[in-house]
Amino acid sequence: MKLLKEFTIQFVGLKLGKHQFEYQIGQEFFTHFGYEDFNDANIQVHVLLEKKNTLLEVHFEILGIVNVYCDVTNEPYDQPIQNEFDLVVNFGDEYNDEEIDLLIIPHGEYELNIQQYIYELIVLAIPTKRVHPGVEDGTLESEMLDKLEELSPKIKEEKKDQEESDPRWNTLKKLLTDNK
């Protein structure tokens, strides 16, 4: 995958201490990765890089909104997202990214590309089940919701009929309450 230059941090020229980097992520960032689950994106990424003598500590924070389709109604809505991640970059003989929060880069490297970490942090911030806020609070009017309601089984009414029609259950319930 081609690296995006704006996400490459040249740490060799930086002084020891903390350095801040800010990024504005839009839909074109995800197009670069071939990720098509978002209709639109507006995300702020704050990166705090602390350069030390023998290693780098990188703290990522994301905050923003992505427009996605609801899993229940297929209606688009804005999903707020927030996530953070800490990465330790150490130097070694060869490149190694087997650990989640530890990256080893070869001695002599002078830059670090963070685009993959930002991408993964954003994608992992999205809930597994995407539900439109209007579905949760009952304010969304949708043909899909009406159809789901029409086709849903009427379990509550059937249970009530069964309880009233079979007196054996009442006797068993009485046994449960009498023992207490």
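**Close-up views of a predicted model**

**Figure 1. Leu48 has His59 of β4 as its bridge partner.** The structure shown is a predicted model. The view centres on the pairing of strand β3 (residues 40–51) with strand β4 (residues 55–69), which is antiparallel and extends over 12 bridges. A hairpin of 3 residues connects β3 to β4. Elsewhere in this pairing, Asp40 has Asn67 of β4 as its bridge partner. The side chains of β3 alternate between two faces: Ala41, Ile43, Val45, Val47, Leu49 and Lys51 point to one face and are buried. Asp40, Asn42, Gln44, His46, Leu48 and Glu50 point to the other face and are not buried. Leu48, the residue named in the title, thus belongs to the set that is not buried.

**Figure 2. Five strands form an open sheet in the order β2-β3-β4-β5-β6.** The pairing within this sheet of 5 strands is mixed. Its edges are β2 (17–25) and β6 (102–106), each of which pairs on one side only. From one strand to the next, the twist averages 20°. Between β2 and β3, which run antiparallel, there are 9 bridges; in one of these pairings, His19 has Leu49 of β3 as its bridge partner. Leu49 is also among the residues of β3 that are buried. Helix α2 (residues 115–125) lies across β2, β3, β4, β5 (76–92) and β6, and runs at about 140° to β5.

**Figure 3. β4 and β5 pair in the antiparallel sense over 15 bridges.** Within this pairing, Val68 stands opposite Tyr77 in β5. The hairpin of β4 and β5 has 6 residues between the strands. In this hairpin, Asn74 adopts a positive phi near 65°.

**Figure 4. β5 and β6 run parallel and are joined by 5 bridges.** Asn90 has Ile104 of β6 as its bridge partner. The side chains of β6 alternate, with Leu103 and Ile105 pointing to one face, where they are buried. Leu102, Ile104 and Pro106 point to the other face and are not buried. The bridge partner of Asn90 therefore belongs to a strand whose side chains divide between a buried set and a set that is not buried.

**Figure 5. Ile105 is a buried residue of the edge strand β6.** Which relative accessibility places Ile105 among the buried residues? The value is 5%, so Ile105 counts as buried, the cut-off being under 20%. Leaving aside neighbours within four places in sequence, Ile105 is in contact with Phe11, Val89, Asn90, Phe91, Gly92 and Tyr95. One of these contacts, Asn90, is the residue whose bridge partner in β6 is Ile104. Ile105 and Glu94 are 11 residues apart in sequence, and their C-alpha atoms lie 6.1 Å apart in space.

**Figure 6. Phe30 and Tyr35 form a tilted aromatic pair.** A search of the whole structure finds 14 aromatic pairs. In the pair of Phe30 and Tyr35, the ring centres are 6.2 Å apart and the planes lie at 50°, so the pair is tilted. Both residues, Phe30 and Tyr35, are buried. They belong to one aromatic cluster, which is formed by Phe7, Tyr23, Phe29, Phe30, Phe33, Tyr35, Phe38 and Tyr119.

**Figure 7. The largest nonpolar core contains 40 residues.** The residues with the most contacts inside this core are Tyr23, Ile25, Phe30, Ile43, Phe60 and Ile118. At least two residues of the core come from each of β2, α1 (27–33), β3, β4, β5, β6 and α2. Leaving aside neighbours within four places in sequence, Ile118 is in contact with Phe7, Tyr23, Ile25, Phe29, Val45 and Phe60. Among these contacts, Phe7, Tyr23 and Phe29 also take part in the aromatic cluster.

**Figure 8. The protein has 6 helices and 7 strands.** This view places the preceding details in the whole chain. Along the sequence, the pattern is β-β-α-β-β-β-β-β-α-α-α-α-α. Of the 180 residues of the protein, 33% count as buried. Among contacts between residues at least 6 apart in sequence, 56% join residues at least 24 apart. The protein exposes about 12700 Å², of which carbon and sulfur atoms supply 50%.

Methods:
Residues numbered from 1 in each chain as written. Predicted model: local features only at pLDDT ≥ 70, side-chain atom pairs only at ≥ 80, totals over all residues. Heavy atoms only, no water. Pairing = 2+ DSSP bridges. Helix = DSSP H or I, 4+ residues; strand = E, 2+ residues; numbered from the N terminus. Axes fitted to C-alpha atoms, helices over the stretch in contact; angles between N-to-C directions. Contact = heavy atoms within 4.5 Å. Buried < 20%, exposed > 50% of the residue type's maximum accessible area, 1.4 Å probe, protein only. Phe/Tyr/Trp six-rings, centres within 6.5 Å; stacked < 30°, edge-to-face > 60°. Areas by Shrake-Rupley, 256 points an atom, 1.4 Å probe, with all protein chains shown as cover. Core = buried A, V, L, I, M, F, W, Y, C linked by side-chain atoms within 4.5 Å.
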